[in-house]
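Me: I would like to learn how to read burial, contacts, cavities and interfaces from a set of coordinates. Can we work through one example together?

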Amino acid sequence: MTDLAAKRDAYVIPHHPVRDLLTGSVASIALTFILVLAVGLIWVGPKFLSFGNISIMGSFLVVPLIVGAFAGFALLSGVVDLSIGSMVGFSSALFATFLTLGWDPWAAAPVTLLACLFFGGINAIAIVGFGAEAIAATLGMLVALRGITWVLLGPQGSIFSFNPGLFALVNQSVFGLPLFFLLAAVLTLLTSIMVSKSRLGRHIQAVGGDDRAAARAGISVNRVRVVALLLSAFGGGIGGIVFAGQLGSAARATGVGLEFQVYAALMIGGYSILRGGVGNPIGGALGLLAVAGVSNILDLRSISPYYVNIIVGLLLLAAVLLDRFRGGDAYE
Amino acid sequence: MSLDQTIVASPPATVLQVRFHGWGTGLMLIAAWLLLIAATGIYRADFISHQTLLAVAFTMSIVGVLSIGQGLVAISGGFIDLSQPAGMITASLVVVRLSEAGMPLLVVIIGAILAGMAWGAFNACIIVFAKLNPVIVTLATNFIGLAALFLVFQLAEVPQRSEIYAFGRASFLGLPAIWWPMVALVLVVGFMLPRTRYGRRATAVGGNRMAARARGISLKATRFAVFTIAGGFVGFAAVLFAATSGPFNPGSGSAMQLNIIAGVILAGISLAGGRGNFWMLLLSVGFLSTIPTSLVFFGLSSDTQSIFQGLILVIAVAIDGLRARRGTP
């Protein structure tokens, strides 16, 4: 196999826009997404693409889309932040606590985001400052934040924080689709433009692709990674606030397992957990849509949701294998 | 095997990195553990009791055996095995089914170990043949495995009149019977790893795989063996788990994951591979297993336990990173 790899490296294939379009990471996830749509249309029928069904899926996808768009920055810069799921839970619990104390939502939100940035800062200190293994360190933060969330929620395990104005805003519909779903789609587009066109986005990609080369090019690797980790925590914070607005409450189960849902979808969408510098927010969003489509199809056919996990797991392995064929590091 | 000749013949261009820990980690762990015991004991004198000892030893047993498997994966450069919960529950299901069939204890134990090894070999096949990173492979197989287990069963329990049920509740020399095999396994593995050829090979692969391969060590065979043997430890942990847990569902094993990883890192077994002394696992796992009981005596809810465990892991990984960066053991 090593000989094959060497041979492949020997022939450096020049970039070709049409071929890149067909073999790139966004292309393969777009094909997967179209396949999911086709299967849904054939198996479930036109109900699958009805406005009602898309609207339900859309409101479920708001938080994963927001969290995924920001977590993608950390992946691009070559670090993984597993604590995003707990960050969503923590943020929704803290936000709900402030609301029950009678705070205005517009005052509670910035304070909640600052608290999330504080814990994101601890991640950054451990990973960038001390050189900790990102997966293990953020796994610790995942559990610690969940503990803090549970302490905040108290013995009942949930906080009821219904705020009519906020609820109406978050659950508003435009053209038959949830407003926040459209906003999340716009956010995905904006982050995609930011990644490929802005200075910070290019620096993040460069650091993730090859941190030594980036350092030689004069980019401060540490600063870029700190910013990426803070952005990831910020995304978790926003996701939690939106979650609390959607549900009108915060509970122990909020955000549990979200990190696996998001990262599996992002990797299916072309990101890589192991190397930075690859992936695109649009691909990641399509990955989330594809996974949501699969679970929606199984749901409409009333098949056990555990099959979704099996399919997602297999897709994840396939995506990693594809990433390796596309030039990812082989593990020996 | 001409391994020794190869080492003599090859030029000393790359140093085969096999370093073993000094006793600094051990002293630090003993100090932390004693401090925890002393603080809790001063706050509540009834903490120092046989009851506490039993609770700590119970928690230690299963986590300890699993941390041997995790440690083997880490020291050989496989980072983390995230599929231990699925592997353990699979083997526990084998334990339940075999003991329901009235098999003797020895057959049950062997069955569980084989089931664990099969799970490890399954992971190893994907890792070795598809050349994928173990962290992602085990993340995915854990996902798939737990979902498949939920399709197979919802709740399982060993029958109350079986030998294994009695084994889970027996005690020996004032400590739970399940504690002793754990100690024995840690001592044996810790003794063998730096002293046998296979143990040194696994450590060498974790330290510097290129240097190890240049010495004629097969990376594929080593990886395959390490994951399969680590699976065997998961299988044995399943025996202890099924014997003591009472009714369990497929999600019951997931909470231990964090303590296991923290235990391995605190013991000084680097996630980067190639370094570590397995005897330290007794101290690190013992320290981590004392925390829940200690928090109960301080009157803190079990929710705060997660905060402490999580922050301890963050700190441990940070220290591990600092150590790896300095390059000193």
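**Reading one residue at a time**

Reply: Start with B:Gly168, which sits in helix H7 (residues 163-169) of chain B. Keep in mind throughout that this is a predicted model.

Me: Is B:Gly168 buried or exposed?

Reply: Buried means under 20% relative accessible area. B:Gly168 has 2% relative accessibility, so it counts as buried.

Me: Which residues is B:Gly168 in contact with, leaving aside its neighbours within four places in sequence?

Reply: They are B:Phe58, B:Ile178, B:Ala243 and B:Thr244. For a longer distance along the chain, take B:Val296: it is 128 residues from B:Gly168 in sequence, and the two C-alpha atoms are separated by 24 Å.

Me: Where does B:Thr293 lie, and why does it count as buried?

Reply: B:Thr293 belongs to helix H13 of chain B, residues 280-297. It counts as buried because its relative accessibility is 14%, and the limit is 20%. With residues up to four places away in sequence not counted, B:Thr293 touches B:Phe47, B:Thr52, B:Ala55 and B:Val56.

Me: What would the opposite case look like?

Reply: Take B:Ala45, in the loop of chain B between helix H2 (24-43) and helix H3 (50-75). Its relative accessible area is 62%, so B:Ala45 is exposed. The C-alpha atoms of B:Ala45 and B:Leu258 are separated by 29 Å, with their positions 213 residues apart along the chain.

Me: How is a value between the two limits read?

Reply: As partly exposed, which covers the range between 20% and 50%. A:Leu41, found in helix H3 (residues 25-44) of chain A, is an example: its relative accessible area is 39%. A:Leu41 touches A:Pro46, A:Phe48 and A:Leu49, residues up to four places away in sequence not being counted. A:Leu41 and A:Ala168 are 127 residues apart along the chain, and their C-alpha atoms are separated by 32 Å.

**Backbone angles**

Me: Which residues have a positive phi although they are not glycines?

Reply: Two cases will do. A:Ser302 has a phi of about 45° and is found in the loop between helix H14 (281-300) and helix H15 (306-325) of chain A. B:Lys131 has a phi of about 55° and lies in the loop between helix H5 (105-129) and H6 of chain B. Their surroundings can be read from accessibility: A:Ser302 counts as exposed at 67%, whereas B:Lys131 counts as buried at 7%.

**The interface**

Me: How is the size of an interface expressed?

Reply: It is often given as the accessible area lost when the parts come together. Between chain B and chain A the buried area is about 3,900 Å², and carbon and sulfur atoms give 77% of it. B:Lys131, B:Ile136 and B:Phe143 are the residues of chain B that lose the most area to chain A, together 18% of what that side buries. Counted by contacts, 43 residues of chain B meet 43 residues of chain A.

**Cavities and core**

Me: How many cavities of 30 Å³ or more does a search of the whole structure find?

Reply: The search finds 5, and the largest cavity has a volume of about 90 Å³. Its lining draws on both chains, including A:Phe260, A:Tyr263, B:Ile136 and B:Leu139. Two elements give two or more residues to this lining: helix H13 (258-268) of chain A and helix H6 (134-152) of chain B. The largest share, 3 residues, comes from H6(B). By type, the lining residues are 10 nonpolar, no polar and no charged.

Me: How many residues of H13(A) are buried?

Reply: The helix is mostly covered, with 9 of its 11 residues buried. Among them are A:Glu259, A:Val262 and A:Tyr263. H13(A) is followed by A:Gly270, whose phi is positive, near 110°.

Me: What does A:Tyr263 touch, not counting residues up to four places away in sequence?

Reply: A:Tyr263 touches A:Ala71, A:Leu75, A:Val80, A:Asp81, A:Leu82, A:Ile84 and A:Ile273. A:Tyr263 is also one of the residues with the most contacts inside the largest nonpolar core, along with A:Phe90, B:Met88 and B:Phe278. That core has 194 residues.

Terms used
Residues numbered from 1 in each chain as written. Chains lettered and ligands numbered in written order. Predicted model: local features only at pLDDT ≥ 70, side-chain atom pairs only at ≥ 80, totals over all residues. Heavy atoms only, no water. 1 Å grid on protein atoms, 1.4 Å probe; cavity = no way out; pocket = protein on both sides within 12 Å on 5 of 7 lines; lining within 4 Å. Points joined across faces, edges and corners; volume = space filled by probe spheres on them. Helix = DSSP H or I, 4+ residues; strand = E, 2+ residues; numbered from the N terminus. Nonpolar A, V, L, I, M, F, W, Y, C, P; charged D, E, K, R; others polar. Core = buried A, V, L, I, M, F, W, Y, C linked by side-chain atoms within 4.5 Å. Buried < 20%, exposed > 50% of the residue type's maximum accessible area, 1.4 Å probe, protein only. Contact = heavy atoms within 4.5 Å. Buried area = accessible area lost by both parts, 1.4 Å probe.
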